[in-house]
Amino acid sequence: MTEPPQIAPAEGKLGILTPGMGAVATTFMAGVIAARKGYALPTGSLTQLSHIRLGKRDDGRNPLIKDFVPLATLDDLEFGGWDPYSDDAYAAAMKAGVLEARDVEGIGEELRAIKPMSAVFNSRWVRNLHETDQVKSAPNHMDSAEALMEDIDRYRAEKKVDRLVAVYCGSTEAYEEPSDVHMSLDTFEQGLKDNDEAITPSQIYAYACLKMGVPFANGAPNLTVDIPAMLELSAQEGVPISGKDFKTGQTLMKTMIAPGLKARMLGINGWFSTNILGNRDGEVLDDPDSFRSKEVSKLGVLEHILQPDVYPDLYGDIYHKVRINYYPPKGDDKEGWDHIDIFGWLGYRMQIKVDFLCKDSILAAPIVLDLALFMDLAARAGWSGIQEWLSFYFKSPQHAETVYPENDLFIQLTKLKNNLRHMMGEDLITHLGTEYYDEA
Ligand SMILES: NC(=O)c1ccc[n+]([C@@H]2O[C@H](COP(=O)([O-])OP(=O)(O)OC[C@H]3O[C@@H](n4cnc5c(N)ncnc54)[C@H](O)[C@@H]3O)[C@@H](O)[C@H]2O)c1
């Protein structure tokens with residue numbers, strides 16, 4: 001195993017930039033500001049609340065993660081971002097309708113001070129947004145990327161931040177397979193200059209951030225940092241990347257339930273998942289091409305957890321269907337139904353029904369915080385490229401070409417914590433446990 005890295009201390013301020021300042025980003029910002037004022041607990045955040053066991057079970061060492069690894073503190077964070085709508089974070093949060101007025105009382109001033117920078121936006125990729133009021137106009141994609149780099153420089157100077165990370169919280173872009181322009185950094189840079197129409201705005205953000213040494217996590221299902229050009233750029237610049245698509249709601253449930261059924265060798269022959277939601281994300285996903293990005297990212301999960309090739313009798317013939325329906329009266333209060341057909345001993349059939357009345361952005365916000373803090377930690381540890389240990393947070397985790405992605409939430413958690421132990425030179429936990437029974 002590699003030696004534990006040297007980790008630079010988390011000195012000074014950390015700026016968190018979100019391309020996209022909608023429901024998720026503003027809920028995240030509001031929650032952090034409320035938490036640091038002591039108004040709310042940062043529920044759902046491992047970096048803030050989770051403990052990590054070190055050494056043997058009877059050693060009694062179980063510190064908080066934030067006391068174990070050197071993370072930026074909530075007080076050290078500054079927020080910023082880009083959006084094609086000029087609403088400040090307060091107005092955007094109110095429009096998103098996730099938080100109630102009483103929850104933003106006392107933090108309105110801080111939220112109003114967070115104003116998005118003008119966006120790199122193209123309605124070819126996000127069709128259902130209209131009347132945008134601040135979109136950069138540049139002759140070609142390379143000029144747009146340079147304008148973003150200038151934004152980053154200006155933000156760094158104005159806010160006096162020492163380090164930056166970016167977490168993409170913009171709308172889901174239409175689905176497209178990667179094309180030749182994405183296959184190397186050279187072709188991508190040429191494509192930027194030629195205004196190649198296969199290059200999406202999220203890829204231009206990623207390019208600009210990586211060029212500026214800013215770690216980039218992708219919370220949306222679109223192809224952004226998981227294209228060869230970005231892998232090359234992240235290696236060249238020595239910057240960490242991770243993605244994609246925050247694991248919230250229905251997929252979170254799926255990656256909890258499926259490993260449990262598989263652990264008990266219970267068969268599955270059908271899994272129907274449907275959702276109704278009424279926020280702007282739902283409106284964007286009402287467009288079939290944007291939905292296709294989401295569908296691809298959601299469908300892979302079961303296959304990798306259940307391994308139908310290894311267990312054809314149990315999982316070789318699953319009918320797996322995912323649907324998202326835009327239904328405005330629901331607002332951000334999504335309702336997700338799962339109907340699961342399972343079978344047990346002698347093939348007897350059973351059903352599981354889950355009705356999850358969830359608040360997507362409430363589940364996504366702590367993920368943005370954890371990703372920002374862990375990506376910054378990775379950068380200070382000198383780690384670059386894909387951060388597979390952060391798979392825990394993603395529906396469709398990025399992975400090396402030679403391996404399948406790890407989707408099982410519990411394996412992902414073990415992987416995350418073992419990475420932290422390794423980082424700090426602690427023994428990894430194998431759960432072997434024989435030492436407690438050895439004769440003295
Ligand atoms: N809410 C969740 O739990 C969840 C879970 C997984 C993934 N996601 C993804 O996170 C992203 C954000 O979700 P949300 O609920 O906040 O959506 P949202 O629609 O409320 O916010 C997205 C914001 O991005 C902006 N935007 C669109 N194109 C942009 C561009 N080119 N540059 C900058 N900003 C741009 C929009 O104007 C909007 O303000 C979506 O891609 C969504 O699929 C969300």
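**Ligand shell, helix α16 and some backbone exceptions**

Biologist: How far does a backbone N or O atom of Gly170 lie from an oxygen atom of the ligand?

Modeller: This is a predicted model, in which local features need pLDDT of at least 70, side-chain atom pairs count only at pLDDT 80 or more, and totals for chains, interfaces and linings use all residues. Residues are numbered from 1 along each chain as its sequence is written, and side-chain values use heavy atoms, with hydrogens and water left out. A polar contact is a pair of N or O atoms within 3.5 Å; within protein, one must be able to donate a hydrogen and the other to accept it, and residues adjacent in sequence count only if both atoms are side-chain atoms. For the backbone atom of Gly170 and the ligand oxygen, the distance is 2.6 Å.

Biologist: How much of the accessible area of the ligand does the protein cover?

Modeller: Backbone polar atoms of Val24 and Ser171 also lie by ligand oxygen atoms, at 2.7 Å for Val24 and 3.3 Å for Ser171. Accessible areas come from the Shrake-Rupley method with a 1.4 Å probe, and for residues only the protein chains shown count as cover. On its own the ligand has 820 Å² of accessible area, and the covered share is 98%.

Biologist: Which residues come nearest to the ligand?

Modeller: A residue is near a molecule or strand if one of its heavy atoms lies within 4 Å of it. There are 31 residues around the ligand, and those that come nearest are Val24, Asp83, Val120, Gly170 and Tyr205.

Biologist: How many residues of the shell around the ligand are charged?

Modeller: Ala, Val, Leu, Ile, Met, Phe, Trp, Tyr, Cys and Pro count as nonpolar, Asp, Glu, Lys and Arg as charged, and the others, Gly among them, as polar. By this division the shell has 17 nonpolar and 7 polar residues, and the number of charged ones is 7.

Biologist: Which helices each supply at least two residues of that shell?

Modeller: Helices (H or I, at least four residues) and strands (E, at least two) are DSSP runs, numbered from the N terminus. The helices in question are α1 (23-36), α9 (201-211), α12 (280-285) and α15 (360-380).

Biologist: What span should helix α16 have, at 1.5 Å a residue?

Modeller: The expected span of a helix is 1.5 Å times one less than its number of residues. Helix α16 holds 15 residues, 409-423, and its end C-alpha atoms are 21 Å apart, which agrees with the expected 21 Å.

Biologist: Which residue caps the N-terminal end of α16?

Modeller: The capping residue lies in the loop between β10 (385-386) and α16. Its side chain reaches the backbone nitrogen of Phe410 at 2.8 Å. The cap is Asp408.

Biologist: Is Asp408 buried or exposed?

Modeller: Contact means heavy atoms within 4.5 Å; leaving aside neighbours within four places in sequence, Asp408 is in contact with Thr255, Pro259 and Ile305. Buried means under 20% relative accessible area and exposed over 50%, with partly exposed in between (1.4 Å probe, protein chains only). At 12% relative accessibility, Asp408 counts as buried.

Biologist: Which helices are among those that cover the buried residues of α16?

Modeller: The buried residues of α16 include Leu409, Gln412, Leu416 and Lys417. Their cover includes α3 (65-68), α11 (249-263) and α15.

Biologist: What is the relative accessible area of Asp376?

Modeller: Asp376 lies in helix α15. Not counting residues up to four places away in sequence, Asp376 touches Leu14, Ala72, Arg163 and Val165. Asp376 is buried, with a relative accessible area of 2%.

Biologist: How far apart in space are Thr172 and Val284?

Modeller: Thr172 sits in the loop between β3 (163-168) and α8 (185-193), and at 2% relative accessibility Thr172 is buried. Its contacts beyond four places in sequence include Trp125, Asp281 and Val284. Thr172 and Val284 are 112 residues apart in sequence, and their C-alpha to C-alpha distance is 7.0 Å.

Biologist: What is the phi of Leu346?

Modeller: Most residues other than glycine have a negative phi, and most peptide bonds are trans. Leu346, in the loop between β8 (333-343) and β9 (349-359), is exposed at 74% relative accessible area. Leu346 is not a glycine, yet its phi is positive, at about 60°.

Biologist: What is the omega of the peptide bond from Gly243 to Lys244?

Modeller: Lys244 is in the loop between β5 (240-243) and α11. The bond from Gly243 to Lys244 is cis, with omega near -10°.
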